[in-house]
Amino acid sequence: MTTAVITGSGLYTPPHAIDNAALVAAFNAWVDDDNARHAEAIAAGEREARAHSSSAFIEKASGIRSRYVLDAEGILDPQRMRPKLPQRGNDALSLQAEMGLSAARQALEAARVQASEIDLVIVACSNLERAYPAVAVELQAALGASGHAYDMNVACSSATFALDAARNAILAGSARRVLVVSPEICSAHLNFRDRDSHFIFGDACTALVIEDAGVARADERFEILGTRLVTQFSNAIRNNAGFLNRVTDADPQALDKLFVQEGRRVFKEVCPLVAALIRDHLSDLGHEAAELSRLWLHQANQHMNDLIARRVLGQSPREDQAPIILDRYANTSSAGSIIAFHLHRGDLPSGALGVVCSFGAGYSAGCVVVRRA
């Protein structure tokens, strides 16, 4: 019987880090300037003065202390407050393909696999830098991989949905080795002038090699026991940027073309959805939550992760049981749970049971139950 196993992982971390203090200083400088420009309207009661942010507020709200980004200078410029990423020519390697190349090579080396042995490349992330040609096909060419490739987008659940697709391809016999890459440039769709969300995101790229166990060479293997996906439509997390903007005469710079969310509503609706997904999935596979050695959860908010882990485990998790990486990476969308897996799996013994779970806009959630071989 065919079994799919994860045999390698890779992580690209951008060169620039911004801690909360630097981010707050830039935000507050912009706030002061904006309030000064509208001083008369504020004094007349026609407009509310903007409030400062603070490091304490950010850490209390999210658990985030810092984030890695592709460009810090543009973000920290109060006159710009967005990354400055120069456009590349059509013949140059795209930014997401470049990020993917770095993470993919690490994953391939860990799996002891040559790029030419990959049958399928899936680039799965929240935002793709173009509609076509697919970034996955570009990455396939840059790596020298064989087979076919495609892009997919299920927001913050993209990586786990791609894991499901990779496993299904292997079980169906249409691929023996699959590469899943998640190049997340979250800083490009974040409104750095919104006090409630300016601190949320960071940039990163992850890669996973998934293989038919019969051809795998790596000593370290995580057998995929099962995958389960769920979607439930909600406008609580939304981004209205798209190709129809130009024909509907929508303002391409409008705030709804960036990340927008109703944070409290998301917290209340997503946490029970995800906890039930994990518990039900484990039960249907014949396992109990008490057997879990590790929960590699989506890294959006520490309070969400703590609540989901408590609901799944029936008690507060140990620090090593539900590792947090968002304190230094922030929310990296679909890459977050994979970063946690990449950095916090080496200590697990043979037979240890774990869950990779991501969740986000859609709503969408993906649960992948694995066991270390």
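**A tour of one helix contact and two nonpolar cores**

Start by selecting Asn20, Ala21 and Val24 in α1 together with Ser55, Ile58 and Glu59 in α3, which meet one another in this predicted model. By type, the residues of this contact of α1 with α3 are 3 nonpolar, 2 polar and 1 charged.

Now show both helices in full: α1 covers residues 20-37 and α3 covers residues 55-62. Their axes lie 9 Å apart and the packing angle is about 120°. At that angle α1 counts as oblique to α3, because the value falls outside the 65 to 115 degrees of a roughly perpendicular pair and is not over 145. The crossing of α1 and α3 is right-handed.

Next, go to the largest nonpolar core, which has 55 residues. Select Ile278, Leu295, Val312 and Val355, the members that touch the most others in this core. Then colour the elements that each supply two or more residues to the core: α1, α8 (263-284), β11 (292-297), α9 (302-313), β12 (353-360) and β13 (364-372). Helix α1, the starting point of the tour, is thus on this list too. The most residues come from α8, which gives 9.

Centre the view on Ile278 and display its surroundings. Leaving aside neighbours within four places in sequence, the contacts of Ile278 are Leu295, Leu297, Ile308, Val312, Val355, Cys357 and Cys367.

Finally, move to another core that lies apart from the largest one. This core has 37 residues, and Leu120, Ala165, Val180 and Tyr329 are among them.

Key
Residues numbered from 1 in each chain as written. Predicted model: local features only at pLDDT ≥ 70, side-chain atom pairs only at ≥ 80, totals over all residues. Heavy atoms only, no water. Axes fitted to C-alpha atoms, helices over the stretch in contact; angles between N-to-C directions. Helix = DSSP H or I, 4+ residues; strand = E, 2+ residues; numbered from the N terminus. Parallel < 35°, antiparallel > 145°, perpendicular 65-115°, else oblique. Left-handed = near helix turned anticlockwise from the far one by under 90°. Contact = heavy atoms within 4.5 Å. Nonpolar A, V, L, I, M, F, W, Y, C, P; charged D, E, K, R; others polar. Core = buried A, V, L, I, M, F, W, Y, C linked by side-chain atoms within 4.5 Å. Buried < 20%, exposed > 50% of the residue type's maximum accessible area, 1.4 Å probe, protein only.
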